[in-house]
Each structure stands twice: as structure tokens, then as C-alpha cells.
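The following exercises examine one protein model, each with a worked solution. Please study the sequence and the structure before reading on.

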Amino acid sequence: MAQFSPHELADRLKDGLLSFPATAFDAQGELAETTYRDHIEWQSGFDVAGLFAAGGTGEGFSLTPEENALVTEWAVGSTRPEVPVLGSASGSTKQAIRCARAAEQAGAEGILLLPPYLTECDQDGLLEHASAVCSAVNIGVIVYNRANAIYSAETIARLAEKHPNLVGFKDALGDIEHLARVTAVNGDRLFYLGGLPTAETYALPLLQMGVSTYSSAMFNFVPDFALEFYADVRRLDHAAVQEKLHRFVLPYLDIRDRGKGYGVSIIKAGLRIVGHDCGSVRPPLHDLREQDYHDLERLVRAANVADVPTTQKGETR
Ligand SMILES: O=C([O-])C(=O)C[C@H](O)[C@@H](O)C(=O)[O-]
């Protein structure tokens, strides 16, 4: 049973950093329950506004619906009670409904609706898809504007009018005109969160457009740094944001951009480096190549963004 109404949830999420925990796998690529629960406990011990299980960084796209339900249940059971957990829904409309209902049953406070796979879709199709998921649950729903699910401002308005539990719009398109339309048409009926890869990069300029928070993938392994970055953004402290971009975020992007899918793989590498190993990524992603791993390790040390256990020093994987 959810503790927050959809609107209470939105109020809570919009003014704090959002955690998107990695999903832990064992050496065979199967879910690693204890490691995952430990990771959630660690992550929820920080001052985050919400925790999104099985999102993009959580490789939600590589989980079966049964695994998705388990991961959400474990997250709900391992987080601090004050930190709301949201589940994810993806794939066909039927599968997304199944995931959304399972998350609600597991005690999730909301759902992030990921894009459906493969096919292109027009606005009527997207409206029907998102509408079916919103109708299937009572908890809050956030749509993820990305890939084949690009919602027009009008589609969002129609969804918002029909479904009081649609509370948020997460953007990973990064098209300023599109975002301006969505925010102008929908105003404060929704809250807006940034979801471009390594969302810190865009956080300060997007705040001007009403995007008051973002999904921080790097929070997984440099939580203190990510929280300080968010605080700098909200204080509009340009100098502090620039300093952190130069010291860590930009050189981090240089490593992330060396491989497709590295946006997620680099998080698992970072977790290993800081001593919170959550295993490898699942195909179709692959882990960082050795040189990239070592470069990330050197960067984490040089930028002084996390403690690196001494046993990790110079260790090859
Ligand atoms: O679904 C997710 O995990 C995210 O949206 C995380 C993002 O990919 C992004 O915001 C990031 O990399 O910080």
C-alpha cells in the first residue's frame, strides 16, 4: 500500500536528487539479491528524494517481468522508509501493465514508464499505451520521453487531463524547443526531470526551464559528489558547478563516450572501483575495456570524488 498520493510523491521528488540504482548480477549474470539489497541500503542512506528501481541504469531493459518485480520488491524492502521507491514498466502495453501492477503490489510509490521496444509509434499510439498503464495502477506515473516514445506537449496534456496519477515528465531527448513546448503547455500540472545520459552535464541550464531535478546515474558510486553537485545547481552556484564539471564530469564523459552503452557500463565499473561491486552488465551491454576501467579508476582518485579502497589500487580485473 503506497504511503504517498501521486501528488505528494511528485512534491517530494521534484526538489531532491533522484537515485537510479544499478541492478546487481552474479558471475553467471543472474540477479544477486544480497548484493542488490546492500546497494539499496547504502544508496538510500543518503539524502535522496526517491529511488528508481530497474530504470535505465538499473538495466530494466534487460530484465524479465518476473525479475523486474523481484528487483522492485527488494528495493522496497531494503530502502529507508522515508525514501520512496518507484518501479519501471517497459515493453508491450500488456507487459508494461504487468510490470506496473507488480510494482504497485510490491509497495512501489510510483512507476517510470520506459519506451516500448523496437517499433516506431505515432502520438495516438503513445497516448493509448501510456493511458493504459496509467489506468492500470493508482500510484503515480512518470513518462520517459526517449527513443521511440517522444510525447508531444498536447499528448502529455491529454494524458494529464485524463489521468490524475500522471505526475511527471522525464526528458532524455534534449530538444530545447520540444521541452519548452511541453513545459509551457503543461506548466506545474507535472514536475519535470532531466534524464539525458550523465544528467549533471545539463542540470544548470535545464533548471531555467523548470526541470528541477534529474536522474543521477553517477550517484551510484560517487554519492557525496553527486549530492554536492545537485546542491550547487539548486543554489545557482555557477562557479561551483563549473569547477565540478572540470574536475570530474567532463573527463568522465570522455571515458563514457569511448563505447556504446558505456553510460551504464561505466556505473558498474565505478561501483567496482569504490568497493561496492554489483557485478557486470548484461548483454547487449559489455563491461568497460581494461584501459577504460583503469582510466576511470585514476580519474576517481585524482578528482577526489570517492574513497577508493587500497586493495583496489592497481588491481587488474
Ligand atoms: O533511467 C536511468 O537510469 C536514467 O535516466 C539515468 C540516466 O541515464 C541519466 O540521467 C544519467 O546517466 O545520469
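**Exercise 1.** Determine whether T57 is buried or exposed, and describe its surroundings.

*Solution.* Step 1: T57 is classed as buried because 24 other C-beta atoms lie within 10 Å; the cut-offs are 20 or more for buried, 12 or fewer for exposed, and partly exposed in between, with C-beta atoms placed from the backbone. The model is predicted, so local features need pLDDT of at least 70 and side-chain atom pairs count only at pLDDT 80 or more, while totals for chains, interfaces and linings use all residues. Residues are numbered from 1 along each chain as its sequence is written.

Step 2: T57 is located in the loop between β2 (50-52) and α3 (65-78). Helices (H or I, at least four residues) and strands (E, at least two) are DSSP runs, numbered from the N terminus.

Step 3: Leaving aside residues up to four places away in sequence, T57 touches F20, A22, A217, N220, V264 and I267. Contact requires C-beta atoms, placed from the backbone, within 7 Å.

**Exercise 2.** Describe the residues that surround the ligand.

*Solution.* Step 1: The ligand is surrounded by 13 residues, each with its C-beta atom, placed from the backbone, within 6 Å of it. The closest are G55, G56, T57, A199 and A217.

Step 2: Strand β8 (residues 211-216) supplies the largest share of this shell, three residues.

Step 3: For T57, the unreviewed UniProt entry carries the annotation "binding site"; such annotations may be inferred rather than shown by experiment.

Definitions and conventions. Contact = placed C-beta atoms within 7 Å.
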